[in-house]
Amino acid sequence: MANDIDPVDERLPLPRLGALGLQHVLVMYAGAVAVPLIVGRALKLPPEQVAALIGADLFAGGLATLIQAWGVPGIGIRLPVMMGVTFASVGPMIAIGTNPELGLLGIYGAVIAAGLFGVLVAPFVSRLLPLFPPVVTGTIITVIGITLMRVGVNWAGGGIGNPAFGDLRFLGIALFVLIVILGLSKYGKGFLANIAVLVGIVVGCLAAAAFGLMHFEKVATAPWVGVVLPFQFGVPTFDIAAIVTMCLVMVVVMIESTGMFLALGEMTGTKVDGKRLTAGLRADGVGTLIGGIFNTFPYTSFSQNVGLVGVTGVRSRWVAVVGGFIMLILGVMPKLSALVESVPQFVLGGAGLCMFGMVAAT
């Protein structure tokens, strides 16, 4: 009977899955493309190569999400997890990439090695689970949520580096989006409440367009089809110091993922035991390995999407699977990717404040 199906494994109707999957992609998109933008600009790469990094990032993130949420034998936590490039890797990667003897290929060699390292040490890291009793888990999740609130505030102001940061129109639209999401979550019924964040973002985009704050020039100039190839920038180089550095980043990523998995387990009513945690951490390693092969960076579960699960109450992992397929499509269709990218950060700020607050409240 349908009532016997675990909510995590429930397969919702495809149109509903599509809307919910798109919602997950929209709330993570800004964070997903931020790392390739930051690294690409720091390494002074030409615009076409930065665009290639973004396409590869979305494509590899889609693959990593499918492995994590859909799962393969022994790999993947099989919870509604969206995977994106971790910000913890930005500093070390810039340091490696700006070394004239290593460059971008040195980064990819270190990322590949770190991915293999993650796969190997996942069982050992999962054995730390007894060190995460409820009081520790609760503290970690609270700190993550409170820390992420700063990100939401920055988005609401227009994004760090925006010359008009803090513009009252930015803040007003972000507040409007937040009110719409909270209103729909509280008073909406059924599917409308489930897609409260998506509706809030769409309404925010309409308001931004009305004020002339949303632009589509990049959509018009972007090609319809792009190709993502392994080792597109050349054969990776493997440097011991760079590999050790990235392996340390991988340890940090796995500890962060442990906190996210435990939070998601609480939200979905799913017990995250040692075996399941190992499979999830192993997927982080495999995702990072895929990242290095497809010209991108280390992957981890995205916190804002964990918050989205709490806001919507939709616990099905198949929503994340559909989100993974959407990311694959965006990775090979730059025009659609540019359309999603045109969503202003201050619109996402209202959504982010709601979701990050939900993480802390958990």
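Two residues are in contact when heavy atoms of theirs lie within 4.5 Å. This tour of a predicted model uses that term at several stops.

**The whole chain.** Begin by selecting the complete chain, coloured by secondary structure. The chain holds 15 helices and two strands. Its C-alpha atoms fill a box of roughly 55 × 50 × 35 Å along the principal axes. A compact globule of 362 residues would have a radius of gyration near 21 Å, and the value of 19 Å for the chain agrees with this.

**Interior and surface.** Next, display the molecular surface. Of the 362 residues, 57% count as buried. The accessible surface comes to about 15,100 Å², and carbon and sulfur atoms account for 70% of that area.

**Contacts and charges.** Consider now the contacts between residues at least 6 apart in sequence: 84% of them join residues at least 24 apart. Then select the charged side chains. The chain has 18 positive and 15 negative charges, and the mean positions of the two groups are 6 Å apart.

**The loop at P223.** Finally, select P223, which is placed in the loop between α9 (217-221) and α10 (240-268). Is this residue buried, partly exposed or exposed? P223 counts as partly exposed because its relative accessibility is 47%, and the range for that class runs from 20% to 50%.

Add P334 and K335 to the selection: P223 touches both, leaving aside residues up to four places away in sequence. Then select A338, which is 115 residues from P223 in sequence, while their C-alpha atoms are 9.5 Å apart in space.

Methods. Residues are numbered from 1 along each chain as its sequence is written. This is a predicted model: local features need pLDDT of at least 70, side-chain atom pairs count only at pLDDT 80 or more; totals for chains, interfaces and linings use all residues. Side-chain values use heavy atoms; hydrogens and water are left out. Helices (H or I, at least four residues) and strands (E, at least two) are DSSP runs, numbered from the N terminus. The radius of gyration is taken over C-alpha atoms; the globule rule is 2.2 Å times the number of residues to the power 0.38. Buried means under 20% relative accessible area, exposed over 50%, partly exposed in between (1.4 Å probe, protein chains only). Accessible areas come from the Shrake-Rupley method with a 1.4 Å probe; for residues, only the protein chains shown count as cover. Lys and Arg count as positive and Asp and Glu as negative; His and the chain ends are not counted. The place of a charge is taken as NZ of Lys, CZ of Arg, CG of Asp or CD of Glu.
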